[in-house]
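Visitor: I would like a close look at a single part of this structure, the sheet with an open arrangement of strands. Could you take me through that part slowly, as you would for someone in the first year of study?

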Amino acid sequence: MPPKKRPIAVPSNGGVAKRKRTTTTASGASKSAASTKSKKSTSAVSTSISKNNPLYDEFISLLSKPQYKGRGIANSSLKSHFDTRYAQLVPIINELTRASRLTMSKGTSLTNPDETEVYFSLLTAEEATKLQGLDAQSKMVYQVIETSGNKGIWTVDIRVQTNIQQTALTKIFKQLETRRLIKPIKAVTAKTKKLYMLYDLTPAKEITGGPWYSDFEFDHEFIAELRNFILMCIKRMNGGYGVGNGVTLKQIVNKMIQANVSRVQLSLEEVQQLLQTLALDYLVEQRGVTENGEALFVAAKPITTCDFGWWDVLSPDFHFRAMRFEDDVCLSAHEPHHHS
């Protein structure tokens, strides 16, 4: 018996069945090839902008000058510098922005303080790598924080300068903190307010309060220990109260370093501040200077008392009484004297 023939499926429209899969694959390959060709073309154009381009080199050289570090150069200054060539900067600015080498921010106009204008700031290759993948708003926030240096900037000021809504700004802060580009800090003068500064910077003394503060609180105990050590140091090196040739500030600092009495490295100016507090308390006094003009300090003699009560001061003839002190210093009856 001959085999049965299978029925042939005929399309309902009476036409020939199309090979959709093959057609789609060919179309996709065509689009992919076109996309690749477009990317190569864009890359080639981008490279050609910076390669052997005197205007590009001049633009980079201008923005690299020290006076334009941080805040950057104003758009009006660019127009003034490049004059008729200013319009040719557009592709250069676009290329540097795409490569995260250029950031833009708003600031007070140089010509009119009541108006704002755009400022352009050039970033190093290392900074560009850090900012890779951030959007324009995030880069703007980063630059505003960068210009504040080690003193930081309030979150309110950042919002004013960038004109970004608080909700979006909070997300940007979190993103930059996660990437360790910025960090939040607090100031001793305003503990409830939050400032931001670049992650790698050390806050200025105006913010932290310097060595005299611990956890944003004035450290009385730490200062008292340092004052006692300095006073003891001056006494021992001079041989007692009000004797000896005196001790210089540098000698005191060297003794403090050797004894390791401070939890932080103190500068000459900071130790000088401690000496001034001792002098104001009549515990230390200056006695001459060295050949090099350095002040010499000795421990002051204890303040002596005299043999009268406070009520005697109210007497009209008090200033003309004879008075004897504990250290046998005597003022005669007709020698004017004052008591505080």
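Guide: Two strands are said to pair if DSSP finds at least two bridges between them, and with that in hand we can turn to the sheet, keeping in mind that this is a predicted model. The sheet is an open one of three strands, which follow the order β4-β6-β5 and pair in the antiparallel sense. At its edges lie β4, covering residues 153–154, and β5, covering residues 182–187, and each of these edge strands pairs on one side only. If we begin at the β4 edge, we find that β4 is joined to β6, the strand of residues 190–198, by two bridges, with the two strands running antiparallel. One bridge can be followed down to its residues, since I153 has Y196 in β6 as its bridge partner. Helix α8, made of residues 166–178, packs on this sheet and touches both β5 and β6, while the direction of the helix makes about 110 degrees with that of β5.

For comparison, you may look at another pair of strands, β9 (residues 284–289) and β10 (residues 295–299), which run antiparallel and are joined by four bridges. Here V289 has A295 in β10 as its bridge partner, and the two strands form a hairpin with five residues between them, where G293 in the turn has a positive phi of about 90 degrees.

Notes:
Residues numbered from 1 in each chain as written. Predicted model: local features only at pLDDT ≥ 70, side-chain atom pairs only at ≥ 80, totals over all residues. Heavy atoms only, no water. Contact = heavy atoms within 4.5 Å. Axes fitted to C-alpha atoms, helices over the stretch in contact; angles between N-to-C directions.
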